[in-house]
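Hi,

Here is the structure I promised to pass on. Have a look at it first, and then read my notes below.

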Amino acid sequence: MEQENFSPHESLQLIQSMIAKTRRDMSDNSIYFLLWGWITFAGCTGQFVLKNILHYEKHYLVWLLVIPGVIISMYLGMKEGKKREATTYIGDSMKYLWMGMGISYFVLSAILSTMGWDTNVFPFFILLYGLGTFISGKLLQFKPLVFGGLCAWAMAIASAFFNYDYQMLFAAAAILASYIIPAYMLRSKDKSAIK
Amino acid sequence: MIEEGNKMTEQESLKLINEMIGKAKRSYITTGAASIVWGILIVVCSLLTWYQVYTQHAFGFDVWLLVFLAVIPQIYFSIAEKKKKNFVSHDEHTMTYLWSTFAICIFILSFYNSKFETDSSHSTALFMLLYGIPTFITGGIFKFKPMIFGGIICWVLSVASMYTDIATDMLFMAACGLFAWFIPGIILWKKYKKQQLC
């Protein structure tokens, strides 16, 4: 096999292409961002409406939405697993980042379930939304994710000054800024790059 | 420095990338110095708190303020490291942002705990949860198993601490400092010293 030669400039281009490929992979996988983003958004706004407008006692039942979310994610994950391509070094880093975030959400839920779900639970989640998206943005050098992470932290602090009922709305706004909008932007950027 | 005109083979190019990864490893986690400092501080502060709870003898000051002492050697290491280097890799940037993010989250969590007057057992669990995140991700990015393991230990102890008293929680916290930072730091330090001898 003939050996291909690279100049240092081309080597740097190779690294840039690794970032671009990971962005494309991430864009392909943005369905997870959108799925969980919209589920959380619907959960937060739905709970707000049920609790404060309709005064429904079992307003927390809206979070049962998570169950189909888990089933769909597992189905998509299994489908993806079968056609997995080679990952880049940055793709690998993203994998560990989101694996870590997934476990953290689970551990946080376990902690908060003993604290009680009717206490100040939303600010803690908003804090983690910001953490995952900010680091993703830096890894992928994609500013909307970085900005989304910063927005989430600002909302994490601001939400602490409001009561439980309004914290839900902060969580909805944070998920919109840190997951949903950047995921759509990543998709549209990827589509325009392909064109 | 490689001149623009020089051509590299594909293998050499990949070697260059691996060297960059290696350099980032050396400057951030391979020396292990910062990891050891943080590990010692968390272990010492946790054990001092445990002693206060166990003996019902208060020292009269918040021992966790000692953590701020870690900032001084941290700044020193960062400045010394910056002087030595002539480039900053993508990974180094990632690590800087990862650990800065961790610091921001610790700050916000401390603010929550005072604002919400969180029960001390819960706040310990939340801190251990946060300790696990950057440790696990760093371990994953650099393929360094002791840190991956350390991150997982933090999460397991975080959940376990919900079912134990505050004295035990402090022992768990000390174990987090030991497994997430001190032991991985010692392993890295030994490797670094061995490399220097070669």
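The contact between H5(B) and H6(B) brings together, among others, B:Ala125, B:Met128, B:Leu129, B:Tyr131 and B:Gly132 from H5(B) and B:Lys145, B:Met147, B:Ile148, B:Gly150 and B:Gly151 from H6(B). Contact here is when two C-beta atoms, placed from the backbone, lie within 7 Å. Helices (H or I, at least four residues) and strands (E, at least two) are DSSP runs, numbered from the N terminus.

Before going on, a word on the source: this is a predicted model, where local features need pLDDT of at least 70, side-chain atom pairs count only at pLDDT 80 or more, and totals for chains, interfaces and linings use all residues. Residues are numbered from 1 along each chain as its sequence is written, while chains are lettered from A and ligands numbered from 1 in the order in which they are written.

Back to that pair in chain B. H5(B) and H6(B), the latter covering residues 145–160, pack at an angle of about 160° with their axes 7 Å apart. That makes the two roughly antiparallel, a label for angles over 145 degrees (under 35 is roughly parallel, 65 to 115 roughly perpendicular, the rest oblique). Axes are lines fitted to C-alpha atoms, for helices over the stretch in contact, and angles run from 0 to 180 degrees between N-to-C directions. The crossing of H5(B) and H6(B) is left-handed, i.e. the near helix is turned anticlockwise from the far one by less than a right angle (clockwise would be right-handed).

H5(B) itself runs over residues 120–141, and its end C-alpha atoms are 32 Å apart, in agreement with the 32 Å that its 22 residues should span. The expected span is 1.5 Å times one less than the number of residues. Of those 22 residues, 18 are buried, meaning 20 or more other C-beta atoms within 10 Å of the residue's own (exposed is 12 or fewer, partly exposed in between). Just after H5(B), B:Lys143 takes a positive phi of about 55°.

Now for chain A. H5(A) covers residues 122–140, and its ends are 27 Å apart by C-alpha atoms, which agrees with the expected 27 Å. Since 19 of its 19 residues are buried, H5(A) is largely enclosed by the rest of the structure. A:Gln141, just after H5(A), has a positive phi of about 50°. H5(A) packs against H6(A) (residues 143–159) at about 160°, axes 7 Å apart, which makes them roughly antiparallel. Their crossing is left-handed.

Where is the largest nonpolar core most densely connected? A:Ile126, A:Ala171, A:Ala174, B:Met128 and B:Cys176 have the most contacts inside this 82-residue core. A nonpolar core is a set of buried Ala, Val, Leu, Ile, Met, Phe, Trp, Tyr and Cys residues joined through C-beta atoms within 7 Å. Leaving out residues up to four places away in sequence, A:Ala174 touches A:Ile126, A:Tyr129, A:Cys151, A:Ala152 and A:Met155.

For the overall layout, chain A has 7 helices and 1 strand, and chain B has 7 helices and 1 strand. From the N terminus on, chain A runs β-α-α-α-α-α-α-α. Buried residues make up 37% of the 195 residues in chain A and 36% of the 198 in chain B.

Cheers
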